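Trainee: I'm new to this one. Can you walk me through it?
Mentor: Sure, let's open it up.

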Amino acid sequence: MASGLEAAAAKLLNFAEPLDVALLDATVAAFYGASTNDERGSAEAILRKFQEQPDAWTRVDAILETSKNQQSKFFGLQVLESVIKTRWGALPDEQREVLKTYISNLIIKLSTDEVAFRRERVFLNKLNLVLVDILKQDWPHKWPTFIPDIVGASHTNAGLCENSMAILRLLSEEVFDFSDSLTAAKTRELKSSFNDQFAQVHELCLAVLNGNAARDLVRATLATLHAFLSWVPLGYIFESNVVDVLLRLLPQPALRNLALQCLTEVGALSVGPEYTPRFQAMFHQFCLLLAPMLPPQVDIAAAYASGGDDDQAFVQNLAMFFTSFLKTHIMALEGSEELQADLLAALDYLVGISYVDDDEVFKTCLDYWNYFVPEVYSFVCTTAGNETAQFAFGGMPISAAAMRRKLYGPLLSKLRALMIARMAKPEEVIVVEDENGNIVRETMKDTDVLARYKTMHETLVYLSHLDHEDTERQMLENLRLQQINGANWGWSALNRLCWAIGSISGSMVEDQENRFLVTVIRDLLNLTEITRGKDNKAVIASNIMYVVGQYPRFLRNHWKFLKTVVNKLFEFMHETHPGVQDMACETFLKIVSKCKKKFVVQQVGETEPFISELLTGLTATIQDLETHQIHMFYEAVGAMIAADPDAGRREEYLVRLMGPPNVTWHQILAQAKQDVEVLKQGEVIRNLQTVLQTNVSVCSSLGPSFTPQLNIIYLDMLAVYKMYSELISVAISTGGPYAAKTSTVKLMRSVKKVTLRLIEAFVERAEDLAGLASQHVPALMDPVLGDYARNTPDARDAEVLSLFAMLINRLKDGMRLEVPRIFEAVFEPTLQMITKNFEDYPEHRLQFFGLLRAITNHCFSTLFTMTPEQLKLVIDSIVWAFRHTERNIADTGLNLLQEMLAMFAQSNFATQFYQSYYLQLLREIFAVMTDTFHKPGFKLQARILHHLFCIVGTEVIKGPLWDASQPGNFSSNPEFVQHYVTNLLSTSFPNLRATQVQATVLGMMELKEFTTFKQHLRDFLVQANQFADQNNADLYADEVAAAREAEQKKMAAIPGMVNPHKLEEPTIDAL
């Protein structure tokens, strides 16, 4: 088989002989139907080589005309598409005309044959795309008659007309919707040409829609018209009968969706008040036509669920029409008493559609409600607070405020019911119902649901402000219904109700909120009493915890209620149902963060502060919690202790809180003194890790007051760290790389990592920076930094890099003397780990550049003390970072380089730095900007290039950037850089013509405004991907020249901006 494929490759790639189409068909069939991966790979290699041949396009006509394999024909079109997109400008004019004529004739041939037109629809669509690619290159300058040609041909045959509509639609989308592959100048030219010649297209569309054309042709015309309506001049819409035709077609089932999409585009147009009567008449007529199609009493959600695809699409399009039209023209409808009934009917339709069980439909409706309700609220607030004003929001008289609230009152009440019934799940709720109806702990957050909750929360808060009483009444009625229904209540309804109750926290005045919340909690607790079943009780517990966690103001003002809630949470911490303990701990942490001061003050009727009572019963409270839950609990108590203003009490509480973990810690260390082998036992290592993580949790919330506890364990902790480091190194050096994956080594590394996290957490929150620098930093230099340098790569922890970055960020210049030692210990060892490939040690990569960024920003002067070799290593590492395909690493490298360039530009070492690295950085940034892997970094790349091109024209660089010993006579750095970049781009992009390269480089040198410079770069990237046509190049050069001239005029208009030596001398007459 291998020898057969080799023979096939030789024959197919021999362009001196006619193409063996049958052999190509067999190769394509082998690719798509191969029985083995090797066979498929070999066939793919042959096809790729064929496609890469410069003359491959000359074989396309033979493939399309004689191939018996449809996939081969598509392969032929791929070859054609590739040459059009990348090498079109390099082809002679006569060859382009041949190709253009061939594609056009083939399209005409297939379109005019009714049978072929239907049978080859997919193939014809691909041909249309190829023709549009040609048009993007040649129209209008080389094919000025395209629009008259296609319109004229469309009158001769229905099939040809239908296909012409598809071509025009594709061209419109490419020019107006998806123009990223075109330069800004080319896009403007195509738009201008389309606008200038649109009258003929418009006439063709109306001729089809007003005539007795076949249904398929009418559908194609409507689809094409839909693409035009968002950009055509308004006269084509309102000075013709387009809207009337669309309304006439709307009741026809086969055309209603396309007609409705077109009406949506018209309705979304935002134009002057002179067109208001047209929109009013259109909306009224639309509502009259809609009523018999979709009677107002129909349950739209039920109809949608039972309807077919076309019916569902109609509901989706109806939602789009109403939301688009009302966003733009609602004031025009409100202002007419005759149209208010239509407006309210439309809004009722939209409420009905909002209950449809489809995420996209609901999102469309919700986006509108999130626009409409705040607008009504803003209007009411503006007018209510300005009773003497002559005008108000929206240009309506003051009296309209009350009328508007009255007009929308019933609708707003329906919207409150909607938001309550469909409220999305907030992030805090982790007890959910799975697909089998079981109550479980949520394992993954749904970002779409969280975004929906945010929108619904905002909307419901506005609705609550507009009528607190109605909001409260609806919520409490729903809650009472839950109690009345007893065992028949549904989890979903109760959940959504409680999520809605929690979402309006803070929207009511305090007294009303107090009364409301007491009723809600009482009813929920009653529901707990009458409900049976563990799952049911778990759901109610989840809802109680969520609701109380959302009302910290109420809890702060009602100590007894707060204490009751916290004790209830402690009860839930013993409930082993999935998710309940997690949510209890999370809610406890959330409440403490908002009410912490209440727990450290002795309340009325209490014998001691709650924190003291809690610490007394600490062991019993947490005995059923899992390790991660205990850490959450400790974090909450640490936040409580931090709220006590008395340092002595804080230290006392800390001693009591850390008593249990400290006992464990000291017991382990005492055993280790007797027998160090104890520290190698798995259970002991786990206990150490747990104790240290508990310290991290408390430190992160307690902050600087954690110092006494850290001092107790600090030196012992570093000794344990050093010992585990040595054990890990021995294990890896004797057992090889697989030893790093053993459970024992993983456990020991977890202790090291949590040690580093504890120190980093303490550094982050420390206030006594002088004490930190003098007491804690020296002790960790050898155990941590020395260990990192000595260790094998697999035993080095990225947290070391993170810790020292944090130390430098906090102590700033105070770490300056330590930077050389840090550099020596981590720099080369880490670079050796991360520069072998782009995959290994991902955490080390990120943290390494974070450390380098900290040094650059806070200890920049240390870079001046480096040897040239060390500084080159720094620059090379930054270059390596922004070459990385992982976006966060590449962005870190680009940000670091941008900051470093700014720092050096302001230093006395600027000339030396730029002479050493200017050209290297220029080359490297161009390299990543023009490949296909670093597009997300374009803005930062453009910022750096902008800096490099701007600084070369200033006095910052006081020496030549070129090597004076090399041949070449340059009078200035700008002249040299222009020459260098021109050569660089000419060599890298042989497809670009000399005029293009010159215009590109000139623009980069002279465009000082960043926005203009960035657009100039973007246009260059578009051009760099293709062999541009001479006409395009000239147009591009003119565009750059115009931008440059505008920039110069702008500068000249500002006195003192232009160098006086560049100003023209005044004439005698002027004097």
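Mentor: We'll go through some local features, a few residues at a time. Keep in mind that this is a predicted model.

Trainee: Got it. What does the UniProt annotation say about residues 43-109?
Mentor: The record, an unreviewed entry, labels that span "domain: Importin N-terminal". In the model, residues 43-109 are 76% helix and 0% strand. The end C-alpha atoms of the span lie 32 Å apart.

Trainee: Now salt bridges. How many does a search of the whole structure find?
Mentor: It finds 50. Take R256 and D310: their side chains meet in one, at 3.5 Å from N to O. R256 lies in helix α16 (residues 256-267) and D310 in helix α19, so the pair ties together parts that are 54 residues apart in sequence.

Trainee: Are R256 and D310 buried or exposed?
Mentor: R256 counts as buried, at 14% relative accessibility. D310 counts as partly exposed, at 39%.

Trainee: Which other residue forms a salt bridge with R256?
Mentor: D311 does, and the closest N and O atoms are 2.7 Å apart. That pair also links distant parts of the chain, with R256 in α16 and D311 in α19, 55 residues apart. D311 is partly exposed, at 37% relative accessibility.

Trainee: And which ring does R256 lie over?
Mentor: The face of F314, at 4.7 Å from the ring centre. R422 is another case: its charged end sits over the ring of F362, 4.1 Å from the centre.

Trainee: Back to salt bridges. Where are R404 and E375?
Mentor: R404 is in helix α22 (residues 400-422) and E375 is in helix α21 (residues 359-384). They are 29 residues apart. Their side chains meet in a salt bridge at 2.8 Å, N to O.

Trainee: Buried or exposed, those two?
Mentor: R404 is buried, with a relative accessible area of 2%. E375 counts as buried too, at 11%. Elsewhere, salt bridges with shared partners join R749, K752, K753, D787, D797 and E799 into one network.

Trainee: Let's stay with α19. Where is I330, and what does I330 touch?
Mentor: I330 is in helix α19, residues 309-334. Leaving out residues up to four places away in sequence, I330 touches F325, L343, Y368, F372 and Y408. The C-alpha atoms of I330 and L343 are separated by 7.9 Å, and these residues are 13 apart along the chain.

Trainee: Why does I330 count as buried?
Mentor: Because its relative accessible area is 4%, and buried means under 20%.

Trainee: Switching to rings. How many aromatic pairs are there?
Mentor: The count comes to 58. F848 and F849 form an edge-to-face pair, 5.1 Å centre to centre with 80° between the planes. F848 and F849 are both buried.

Trainee: Why is the pair of F926 and F949 edge-to-face?
Mentor: The planes are at 75°, with the ring centres 6.4 Å apart, so the pair is edge-to-face. The pair links distant parts of the chain: F926 sits in helix α45 (residues 910-930), F949 in helix α46 (residues 938-951), 23 residues apart. F926 and F949 are both buried.

Trainee: What covers the buried residues of α44?
Mentor: The cover includes α42, α43, α45 and α46. Among the buried residues of α44 are I889, L894, L897, M900 and F904. The helix has 19 residues, 887-905. From first C-alpha to last, α44 reaches 27 Å, close to the 27 Å expected.

Trainee: Which residues form one aromatic cluster?
Mentor: W139, W143, F146, F176, F194, F198, F228, W231 and Y236. W139 has another feature: the peptide bond from W139 to P140 is cis, with omega near 5°. P140 is in the loop between α8 and α9.

Trainee: Last topic, backbone angles. Which residue in the loop between α40 and α41 should I look at?
Mentor: K812. K812 has a positive phi of about 50°, although it is not a glycine. K812 is partly exposed, with a relative accessible area of 40%. Y841 also has a positive phi of about 50° and is not a glycine. Look for Y841 in the loop between α41 and α42.

Definitions and conventions. Residues numbered from 1 in each chain as written. Predicted model: local features only at pLDDT ≥ 70, side-chain atom pairs only at ≥ 80, totals over all residues. Heavy atoms only, no water. Phe/Tyr/Trp six-rings, centres within 6.5 Å; stacked < 30°, edge-to-face > 60°. Buried < 20%, exposed > 50% of the residue type's maximum accessible area, 1.4 Å probe, protein only. Helix = DSSP H or I, 4+ residues; strand = E, 2+ residues; numbered from the N terminus. Lys NZ or Arg CZ within 6 Å of the ring centre and 35° of its normal. Expected span 1.5 Å × (residues − 1). Contact = heavy atoms within 4.5 Å. UniProt positions renumbered as here; feature names shortened; annotations may be inferred. Salt bridge = Lys/Arg side-chain N within 4 Å of Asp/Glu carboxyl O.
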